[in-house]
Amino acid sequence: MFEAQMSSGSFQLLGMAELGLVPSVFARRAAYTGTPWVAIAASTAVTIAVSFLGFDDVVATANFLYSLGTLLEFASFIWLRVKHPALKRPYRVPLPLPALVAMCAVPSAFLAYVCAVAGWRVFAVAAGLTALGVGWHGIMRECRARKLLRFNNVVAAVHQEDAEDTV
């Protein structure tokens, strides 16, 4: 499971580099195997950084962060339906808004419970990782604006235009 997680995380970084969301260095592949070696090294560094936690804390932190992400997805789902009901989508859930809220409420209650029972160490690690993610996003925007790092700008420009069109 660890190997599968490491591989998927590394290839997610590779994909983000190809989309221009992180520097192009994360898209470098090994000549012989084709594996994204820089992304693997970055994933390994994160794994080593959280290795000071016990197994229970690692699982609880992963569940906590997953729950926060899922709650954010549910909130985005509802927000987009309210603010942009006519927005083109690859598919549309054929329910009225009250039914969508009810559909999201049940799993949200379970996710909120996961968040509520987390210990102080889980909150601290999750807050630190969340702050790191927000800070990383800001740093990447500045690096792109000041051209301090090389990004794949072709795909990123298309995504930026799409994001501006939806807001």
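Let me begin with the term that everything else rests on: helices (H or I, at least four residues) and strands (E, at least two) are DSSP runs, numbered from the N terminus. On that basis the protein chain has six helices and zero strands, and its pattern along the sequence reads α-α-α-α-α-α.

Before going further, a word on where this comes from: it is a predicted model, in which local features need pLDDT of at least 70 and side-chain atom pairs count only at pLDDT 80 or more, while totals for chains, interfaces and linings use all residues. Residues are numbered from 1 along each chain as its sequence is written, and side-chain values use heavy atoms, with hydrogens and water left out.

Let me turn to the chain as a whole. Taken along the principal axes, the C-alpha atoms of the protein chain fill a box of roughly 50 × 45 × 30 Å. Its accessible surface comes to about 11800 Å², with 70% of that belonging to carbon and sulfur atoms, where the areas come from the Shrake-Rupley method with a 1.4 Å probe and, for residues, only the protein chains shown count as cover. I will call a residue buried under 20% relative accessible area, exposed over 50%, and partly exposed in between, again with a 1.4 Å probe and protein chains only; buried residues then make up 22% of the 167 residues in the chain. Contact here means heavy atoms within 4.5 Å, and of the contacts with a separation of 6 or more, 58% are accounted for by residues 24 or more positions apart.

As for charge, the mean positions of the 13 positive and 10 negative charges are 6 Å apart. In that count Lys and Arg are positive and Asp and Glu negative, with His and the chain ends not counted, and the place of a charge is taken as NZ of Lys, CZ of Arg, CG of Asp or CD of Glu.

Now to helix 3, residues 55-83, which I would like to use as our way into the packing. The expected span of a helix is 1.5 Å times one less than its number of residues, so the 29 residues of helix 3 should span 42 Å, and its end C-alpha atoms, at 41 Å apart, agree with that. The buried residues of helix 3 are Asp57, Thr61, Phe64, Ser67, Thr70, Ile78 and Arg81, and they pack against helix 4 (97-116) and helix 5 (120-145).

Two of these residues deserve a closer look. Ser67 counts as buried because its relative accessible area is 2%, and, leaving out residues up to four places away in sequence, Ser67 touches Leu111, Val114 and Cys115. A polar atom of the Ser67 side chain also lies 2.8 Å from the backbone oxygen of Asn63. Asp57, likewise in helix 3, counts as buried at 18% relative accessibility, and, with the same four-place exclusion, Asp57 touches Arg121 and Val122.

That last residue takes us across to helix 5, where Val122 is placed. Helix 5 has 26 residues and reaches 37 Å from its first C-alpha to its last, close to the 38 Å expected at 1.5 Å a residue. Its buried residues are Val122, Val125, Ala126, Met140 and Cys143, and what covers them includes helix 3. Val122 is buried because its relative accessible area is 3%; beyond its neighbours within four places in sequence, Val122 is in contact with Asp57, Ala60, Thr61 and Phe64. The C-alpha atoms of Val122 and Val58 are separated by 8.1 Å, although the two residues are 64 apart along the chain.

What follows helix 5, and what is the sign of its phi? Helix 5 is followed by Lys147, whose phi is positive, near 55 degrees. Most residues other than glycine have a negative phi. Lys147 lies in the loop between helix 5 and helix 6 (153-166), and Lys147 counts as exposed because its relative accessible area is 70%.

Finally, two residues from elsewhere in the chain. Gln12, in helix 1 (residues 2-18), counts as exposed at 52% relative accessibility, and its C-alpha is separated by 9.9 Å from that of Pro36, 24 residues apart along the chain. Ala105, whose place is in helix 4, is partly exposed, with a relative accessible area of 42%; Ala105 and Phe77 are 28 residues apart in sequence and 12 Å apart in space, C-alpha to C-alpha.

Note on methods
A polar contact is a pair of N or O atoms within 3.5 Å; within protein, one must be able to donate a hydrogen and the other to accept it, and residues adjacent in sequence count only if both atoms are side-chain atoms.
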